[in-house]
Amino acid sequence: MAPNNLLALFERIQQDDYQAFEQLFEAHWRDLYRYAHKVLRDAPAAEDITQELFCDLWANRRQLLVRTNAPGYLLGALRKKILTRFRDADIRARHHKLLGAAQEPGVEVTFRRLVSQDTLRAIQHQAQLLPPKEKEVFLLGMVDDFSVKEIAERFATSEQTVRNQLNSALHKLSPFLTKLLS
């Protein structure tokens with residue numbers, strides 16, 4: 001796709017044109033996925049991060065300010081996501097190393113272990129406001145003590161997708177949880 005056409009797509013996307021977003025996705029997802037796969041060397045993670053990039057583009061479409069080099073913008077945004085993933089993985093690894101054997105590997109901290117039944121019911125009630133898939137993942141992971149791996153197997157998706165959905169749900173619920181648990 002010609003750079004000027006791509007800039008026009010970004011402008012249309014900024015104005016809530018979903019067809020333009022679909023055109024952008026169809027024209028660029030494969031190349032972005034290939035780049036992510038080359039760097040991450042993990043097909044499901046590459047798929048997740050590419051999907052996350054496009055989800056973020058649509059979610060933040062009103063703030064898009066792409067004036068020149070639209071292909072460079074897409075690649076730069078993907079690189080930033082990949083670097084963030086590497087940084088986060090490194091931070092998690094360092095924290096896990098510092099904590100040592102204080103917690104079994106793979107054991108998830110759930111709300112059920114931390115709060116009373118009344119608080120748990122309030123959290124379950126508030127979770128009903130989440131999108132359906134996020135709600136299911138949140139309730140299974142944080143309330144019903146399912147591991148990320150178990151949820152991923154249940155929904156036939158990658159563990160990273162489950163982590164992304166859990167993080168999204170927690171982000172959306174964080175004001176409520178902060179108020180409830182403080």
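**Helix 2**

I started with the burial pattern of helix 2: A20, F21, L24, H28, L32, A36 and L40 are buried there. Buried is under 20% relative accessible area, exposed is over 50%, and partly exposed lies in between (1.4 Å probe, protein chains only). Helices are DSSP runs of H or I with at least four residues, strands are runs of E with at least two, and both are numbered from the N terminus.

A note on what I am looking at: this is a predicted model, where local features need pLDDT of at least 70, side-chain atom pairs count only at pLDDT 80 or more, and totals for chains, interfaces and linings use all residues. Residues are numbered from 1 along each chain as its sequence is written, and side-chain values use heavy atoms, with hydrogens and water left out.

Next I checked helix 2 for a bend and found a kink of about 45 degrees centred on H28. The bend at a residue is the angle between axes fitted to the seven residues ending there and the seven starting there.

Then I looked at the ends. D17 caps the N-terminal end of helix 2, with a side-chain oxygen 3.0 Å from the backbone nitrogen of Q19. Just after helix 2, R41 takes a positive phi of about 55 degrees.

**Cores**

I asked for nonpolar cores, meaning sets of buried Ala, Val, Leu, Ile, Met, Phe, Trp, Tyr and Cys residues joined through side-chain atoms within 4.5 Å. The largest has 25 residues, and F10, I13, L24, A36, L40, L57 and L78 have the most contacts inside it. Helix 1 (3-14), helix 2 (18-40), helix 3 (43-59) and helix 4 (70-99) each give two or more residues to this core. Helix 3 gives the most, with seven residues.

I also pulled up the neighbours of A36, leaving out residues up to four places away in sequence: A36 touches R41, A46, I49, T50, L78 and I82. Contact here means heavy atoms within 4.5 Å. There is a second, separate core of 18 residues, and A127, V137, L139 and M142 are among them.

**L64**

L64 sits in the loop between helix 3 and helix 4. I wondered whether this loop residue is buried or exposed. L64 counts as buried, at 6% relative accessibility. L64 touches F10, I13, Q14, L57 and Y73, again not counting residues up to four places away in sequence. I also took one C-alpha to C-alpha distance: L64 and Q15 are 10.0 Å apart in space and 49 residues apart in sequence.

**Salt bridges around K81**

I counted nine salt bridges in the structure. The rule is a side-chain nitrogen of Lys or Arg within 4 Å of a carboxyl oxygen of Asp or Glu.

K81 caught my eye: its place is in helix 4, and K81 counts as buried because its relative accessibility is 16%. K81 touches I49, E52, L53 and D56, with residues up to four places away in sequence not counted.

The side chains of K81 and D56 meet in a salt bridge at 2.5 Å, N to O. D56 is in helix 3 and K81 in helix 4, so this pair ties together parts 25 residues apart in sequence. D56 is partly exposed, with a relative accessible area of 31%.

E52 also bridges to K81, with the closest N and O atoms 3.1 Å apart. That pair links helix 3 to helix 4 across 29 residues. E52 is partly exposed at 23%.

E52 has another salt bridge, to R85, where the closest N and O atoms are 3.4 Å apart. E52 in helix 3 and R85 in helix 4 are 33 residues apart. R85 counts as buried at 14% relative accessibility. Which residues do the shared partners join into one network? They are E52, D56, K81 and R85.

**Aromatic pairs**

For rings of Phe, Tyr and Trp (its six-membered ring), a pair needs centres within 6.5 Å; planes under 30 degrees apart count as stacked, over 60 as edge-to-face and the rest as tilted. The count comes to eight aromatic pairs.

I opened F21 and W58: the ring centres are 5.2 Å apart and the planes are at 50 degrees, so the pair is tilted. F21 lies in helix 2 and W58 in helix 3, 37 residues apart in sequence. Both F21 and W58 are buried.

W29 and Y33 form a tilted pair as well, at 6.4 Å centre to centre and 50 degrees between the planes. W29 and Y33 are four residues apart in helix 2, so about one helical turn separates them. W29 is partly exposed at 26% relative accessibility, and Y33 is partly exposed at 22%.

My last lookup was the cluster: ring pairs link Y18, F21, F25, W29, Y33, F54 and W58.

Methods
A polar contact is a pair of N or O atoms within 3.5 Å; within protein, one must be able to donate a hydrogen and the other to accept it, and residues adjacent in sequence count only if both atoms are side-chain atoms.
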